[in-house]
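Open the model in your viewer and keep the selection panel at hand. The stops below go one at a time.

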Amino acid sequence: MPYTTIAQALRETLREQMQRDERVFVLGQDVGKFGGAYRVTDGLYAEFGPARVRDTAISEIAIAGLAMGAALTGLRPVAEFQFVDFMANAMDQICNHMAKFRVMSGGKLDVPVVMRAPYGATGRAAQHSQSLEAWFAHAPGLKVAMPSTPYDARGLLRAALRERNPVILLEHKLLYGSASPGGKAASAVGEYAAWMTPAPEEDYVVPFGAASVRRQGRDLTVVATGLMVHRALRLAERLEQERVCSLEIIDPRSVYPLDSATICASVRKTHRCLVVVEETAFAGVGAEIAAQVSELAFDYLDAPVQRVAARHSPIPFNYACEAYTLPNEGRIEAAISAALAGRNGPWQ
Amino acid sequence: MSNPTPNPAHPLPSDEVVVGIYRTMVTIREFEERLYNLFLTETMPGTMHQYTGEEAVAAGVCAALLPGDYITSTHRGHGHAIAKGVSLRSLMAEMFAKDSGCCRGMGGSMHLSDPAMGMLGATGIVGGGIPIATGAALSALMRGSGQVAVSFFGDGAANEGAFHESLNQAGAWKLPAIYVCENNLYGFSVPFSAASAVPDIAARAAGYGFPGVVVDGMDALAVYSAAASAVARARRGDGPTLLECKTYRYRGHSRFEKPTYRTDDEVAAWQERDAIRCMETYLTERGLLPTGEPERVAAEVRVALDDAVAFARSSPEPAEDAALQYVYSDESDPLSA
């Protein structure tokens, strides 16, 4: 049976890889008996026990360092951080150590760590809501991916476990399709069910640096990540029905390495480009994508590359304020209109 | 001058081990002196943080380890690398930033590593190696390999969050880790007494549920005995130990920095207890150091250092774009299926 949610796809892939290779183990906060804040490790403790499904202290520096030391000495740790925001605590281990040891050692030390963390805004205010892919993508030595479907989640996790490099998977909370015991987590899975490509049980990988053209279109290339892929896909369907325009939607899947070739091939066809990301715009991954399109496909552009991203603010608690901060469909539509008319973008 | 004092709770190391510790200390001292002179007399790349004065710690601890055991090190890491068996040629070539260096000229003095010798890496971030050694200890435990992991760090690192998180988790999981704090009394210029209300860092181990031991870091045999006990405890599965070695760096924090924050009297008092001189007295009394032997050992080391410097000088520079080849591995893990 195919895996129909991202949580299930990640869980079953971890189970499969742990069954096949005893070097693979999981560590993090509440990943054991509790099964993880977003249920990704649910049931793994019962199957593999406390030695391979390790509940750590609430110590992000230690989680990162434990994973790194274990990876340097022959194991394949999968470290879960409960929220990407909490990884701020571990940035020294991740960016100064994991990311740099390969160069610092002249290529002798590999750090094959897989790190996973939920990201994205879901009504939890400033410290449990961020999209921090740019922090990690800015550190040479790391690879960063953002699966938006069960298919990609399984394929990217399998690819991550075959890497000899440190890899970070950022998973949107609204796309997991899981709920805490007794709770009902906010979810966008029902809303976007049409585009949640299930993951087959077969062995496959989604390689890093291979974007997915999620929808063919003629008028405008939309490059979107994570939850924004689904927002763009739904909008594209409506705009097509309303005969407004035909959008081509590209999900880079991994933001480093970035498949700019696929993105630029699309732009050469549509001559217009919009980037939709949930992170803040300034110095973000979206900014990088826009810059690369400008550098690599300038001659093909009939309009400035547009961006829609979170406004430059910590995420506020009030729901309407949060929605205003994020890239909602109204803002995406305004940017599409500007791109189609060849106008400058409505910058933030 | 006090003689080295073997721990009565632990059997005396063999004569061979004691002489080995002595030779290691002399090698570290001579390496640092050679490097100091190289920095004085010619253009050397970057900076360095010298281990001179602290030799008993690296030599004593590493003598209690097996080749397969792991260490992590610090910005002041030359002594750890030498004591763990990294070759003088590859170390010296790294000081010259050459392609034949242990890090192929990409790491330099602060970032030495040699996985083949269990040297998992030195870090220029204070405290950064402590979590990594803890992870290596976890790995040893999970693999049932019987290895132990040692993290060397300074008194300054004991005030970093990485210290607390690592030792706490290692205590909870009874990891085969040995935390070796080289308390040289100063974090760069700030005395430890101004940075902490606690006089002994070893006392903090109580908060993590494992032993903390204050060791005379100028006494290589005391260091060896304490380390051997900690290693035995770790291999038995009884968990970590924090060893606080009270020691002193003779030189400044880095390169030619003049330590204006400490008195000449203080320096002289520590040098009076110099670990190498104390060990020579001990060896002489036991008939293990014939007349002229210290000079012979030093001369041998200097010949090896001449060779290492000549090797470094004659080695090629790395390609200008070498780092770009090392950022990512292109290898695929041979993960089952």
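This is a predicted model. Begin by selecting residues 70-73 and 149-154 of chain B: these are strands β1 and β3, which pair in the parallel sense over three bridges. To see one of the pairings, pick Y70(B), whose bridge partner in β3(B) is A149(B). Strands of a sheet pair through backbone hydrogen bonds, either parallel or antiparallel.

Next, add residues 129-143 of chain B. This is helix α5, which packs on the sheet and touches β1, β2, β3 and β4 (177-183) of chain B. The direction of α5 makes about 170° with that of β3(B).

Now widen the selection to the whole sheet. In which order do the six strands of this open sheet run? The order is β2-β1-β3-β4-β8-β7 in chain B, with parallel pairing. At the edges are β2 (119-122) and β7 (212-216) of chain B, each pairing on one side only. On average, neighbouring strands here are turned by 15° against each other, direction ignored.

For the last stop, select residues 60-72 of chain A, helix α3, together with residues 161-173 of chain B, helix α6. Their axes lie 8 Å apart, and the helices pack at an angle of about 70°. Since angles from 65 to 115 degrees count as roughly perpendicular, α3(A) is therefore roughly perpendicular to α6(B).

Show the side chains where these helices meet. From α3(A) come I61(A), A62(A), G65(A) and L66(A); from α6(B) come G161(B), A162(B), E165(B), S166(B) and Q169(B). By class, this contact has four nonpolar, four polar and one charged residues.

Definitions and conventions
Residues numbered from 1 in each chain as written. Chains lettered and ligands numbered in written order. Predicted model: local features only at pLDDT ≥ 70, side-chain atom pairs only at ≥ 80, totals over all residues. Axes fitted to C-alpha atoms, helices over the stretch in contact; angles between N-to-C directions. Helix = DSSP H or I, 4+ residues; strand = E, 2+ residues; numbered from the N terminus. Parallel < 35°, antiparallel > 145°, perpendicular 65-115°, else oblique. Contact = placed C-beta atoms within 7 Å. Nonpolar A, V, L, I, M, F, W, Y, C, P; charged D, E, K, R; others polar. Pairing = 2+ DSSP bridges.
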